[in-house]
Structure formats: structure tokens, C-alpha cells
Amino acid sequence: MAPRAYWKGTLKLSLVSCPVVLYPATTAAEKTRFHMINRETGNRLKQQMVDSETGDIVESDQKGRGYEMRKGKYVEIEPEELEAVQIESNHTIDIESFVPSDEIDQRYLNHPYYIAPEGKAAIDAFAVIRDAMKDQNRVALAKIVLTNREHIIAIEPLGKGLLGTTLRFPYELRDEDQFFDDIKSPKITKDMVELAGHILQTKAGHFDPSKFKDEYETALKALVKRKASGKTIELPEREEKPSNVVSLMDALKQSLKGRGGKKTAAKSHARRASGGRRAAKKTQRSTARQRKAG
């Protein structure tokens, strides 16, 4: 059974348009979730809203929305007032521009959606838009209204369909300078960088998400299954943390030891270093003889 569409509308490129549907590309349905329960009765607990000052329980008809202007002072916003500024969706994804994919800052990427044509009549126009983007290696930028909010969405080909990813607005991103300005610029030797480079080479690979394992989720499922069967849960002994290595160079060298293919890289690095030293000494001796002969 096909999943239920999250959004239906029209994908439009100038005068070319086609009906499309959006499906969320991610799901949290498989994650283990817990509910708050009453230990005495085993019943699930319900949350209630209480007044922060009086402690009284607030019923649903007393709840409202307020924006904090200053500490403890709120301006109340009525539901109909919110409706006055809400953007009405025309259920159209109107492509405004096409940009190179490598120009999109990864920090702006938010929620991914699968975009598919709706109905047989939409397939031709959908394929034209999709294949044109493939040929140009470009990503479409468009506006879309989801849950009464306007979003910018980046659209790119993905297999037979399209992948649409909503983008964050600039005000939603923090400036990296406030986190990076205090990072010092120490003097790192070339030998250290080369050793680190060798470690990188030993761990080189390709992006393969099938190798990602959520070990905590697996452990949670095993815990629930064991507890439900009446078995006791034994707490593991905490392992002692190893002491910190003081020397960065020692840490780099230790990282290369005992790894298949790494010794060769270390030896070649040592040969280059010793060879360079021998060449330098030979040049020094030759220069000294020339001065003596002169």
C-alpha cells in the first residue's frame, strides 16, 4: 500500500506544469519510544498545563498564545489575528531559479521530501523538468507553503523522481565566528601533518549508509525484550578511561602502529626524512671542502 501523500499540488516551470505529490523522506517510526507511567498502577500519565504563578490547572478554553515583550510581560495574540498574517497556500511549487548544487551551503538543508508525479498525465512534463535538471547539473529553488509557513525548497533529480529539501532561512543559522574566533593557530610541523595524512589514507572509503549501525537503538530493543520476559538487567561495570597522551607526535605514531599497510607508510616517511638529512649533510661536506680548497 502506497504511503499517504503529505502535500499535493503543482510543480511549475514557466508555462510547463504538472501535478505532483510530496512524501516525507524520513521516518522515526522504528525508533524505540517510552511513555511516562504511574509506577503504582502501570497506567500512562497525562500532562496538564498549570499557571506558573498560581499553580492552578489551566483548562483548554483558557489557553492562549502570548509573545514575551520583556521578562514576565506578554502580548496576547488571538487565533484570528494569526490567520490575518498566515500565507494561504496556492499548492504550487513555482521554480524561481536554478543554481549549481555545490553552491548550496549544507547548513541550510532542513527536511527532505520525495516528489513524484500524480497521475499518468503528469509523467511527461515531470520527466522533462527532471531530465533538464540532470543535463544541466542544477538544483531548482522554489517557494512552497507547508503547515501555514512559507519555505524555500531545493529540488534535484533522484532516480526516477525528485528530491525536495526545505532550506533554513539565514536568521535560523548561527554565525560560525562566535564559535571559531577563539581557536588559536598553533605551529604544526610538516611531519605531524604528513603522519595525520597517512592515518587518513588508512581509513579512506566511500559513503555507504548501509554500514551505519544505531547500537543504542539495538541495545534499547534488547533491553525492553529482556525486561518484558522477566529477566533481570545487570548493569555493566564502567571501564576506566585511558590516560590522555601528552605528546601529539607520539599519538600520531601510535595510531599508525599495528595497522595493516600503515607500517609501510611510516617507513617511507622515515626514509624520506633520513634521506633528506643525508642529502643535507652531503651538501654541507661538499661546501666545506670547496671552502678549504679555496
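Me: Which residue of β7 stands opposite P100?

Reply: R138 does. P100 closes strand β5 (residues 92-100), which β7 meets through six bridges in the antiparallel sense. This is a predicted model: local features need pLDDT of at least 70, side-chain atom pairs count only at pLDDT 80 or more, and totals for chains, interfaces and linings use all residues. Residues are numbered from 1 along each chain as its sequence is written, and side-chain values use heavy atoms, with hydrogens and water left out.

Me: What makes β5 and β7 a pair of strands?

Reply: The rule asks DSSP to find at least two bridges between two strands. β5 and β7 have six, so they pair. The strands themselves are DSSP runs of E with at least two residues, the helices are runs of H or I with at least four, and both are numbered from the N terminus.

Me: How many bridges join β7 to β8?

Reply: Seven, in the antiparallel sense. In this pairing A140 stands opposite I155 of β8. The two strands form a hairpin with two residues between them.

Me: What is special about phi in that turn?

Reply: T147 has a positive phi of about 50°. N148, in the loop between β7 and β8, also has a positive phi, about 65°, although it is not a glycine. H91 is another such residue, with phi near 55°. H91 lies in the loop between α1 and β5.

Me: Why is β7 called largely enclosed?

Reply: Seven of the nine residues of β7 (residues 138-146) are buried, so the rest of the structure largely encloses this strand. Buried means under 20% relative accessible area, exposed over 50%, and partly exposed in between (1.4 Å probe, protein chains only).

Me: Is N148 buried, exposed or partly exposed, and what makes it that?

Reply: The value for N148 is 46%. That falls between the two cut-offs, so N148 is partly exposed. H91, at 39%, is partly exposed too.

Me: How do you know that α2 has the span expected of a helix?

Reply: The expected span is 1.5 Å times one less than the number of residues. For the 14 residues of α2 (residues 123-136) that gives 20 Å, and the end C-alpha atoms are 20 Å apart, so the values agree. Helix α5 (residues 215-228) also has 14 residues, and its 20 Å reach is close to the 20 Å expected.

Me: What follows each helix?

Reply: N137 follows α2, with a positive phi near 55°. Just after α5, G230 takes a positive phi of about 90°.

Me: Why is E217 called buried?

Reply: E217 has 12% relative accessibility, so it counts as buried. This residue lies in α5. E217 touches E30, K31 and T32, leaving out residues up to four places away in sequence. A contact means heavy atoms within 4.5 Å.

Me: What makes R107 and D105 a salt bridge?

Reply: The rule needs a side-chain nitrogen of Lys or Arg within 4 Å of a carboxyl oxygen of Asp or Glu. The N to O distance for R107 and D105 is 2.6 Å, so the pair qualifies. R107 also meets E176, at 3.2 Å. That pair links distant parts of the chain, 69 residues apart: R107 in the loop between β5 and β6, E176 in the loop between β9 and α3. D105, R107 and E176 form a network of salt bridges. The count by this rule is six salt bridges.

Me: Is R130 buried or exposed, and what is the value?

Reply: R130 is at 14%, so it counts as buried. R130 is one of the buried residues of α2. Its side chain meets D131 in a salt bridge of 2.9 Å, N to O. D131, at 30%, is partly exposed.

Me: Which residues form the nonpolar patch?

Reply: They are Y67, M69, V75, I77, L82 and V85, with about 580 Å² of accessible area together. Areas come from the Shrake-Rupley method with a 1.4 Å probe, and for residues only the protein chains shown count as cover. β3, β4 and α1 each supply at least two residues of the patch.

Me: Why can V75 belong to a patch?

Reply: Patch residues need over 30% relative accessible area and no salt bridge; nonpolar side chains (Val, Leu, Ile, Met, Phe, Trp, Tyr) are joined within 5 Å, like charges within 9 Å. V75 has 34%, so it passes the area cut-off. V75 sits in strand β4.
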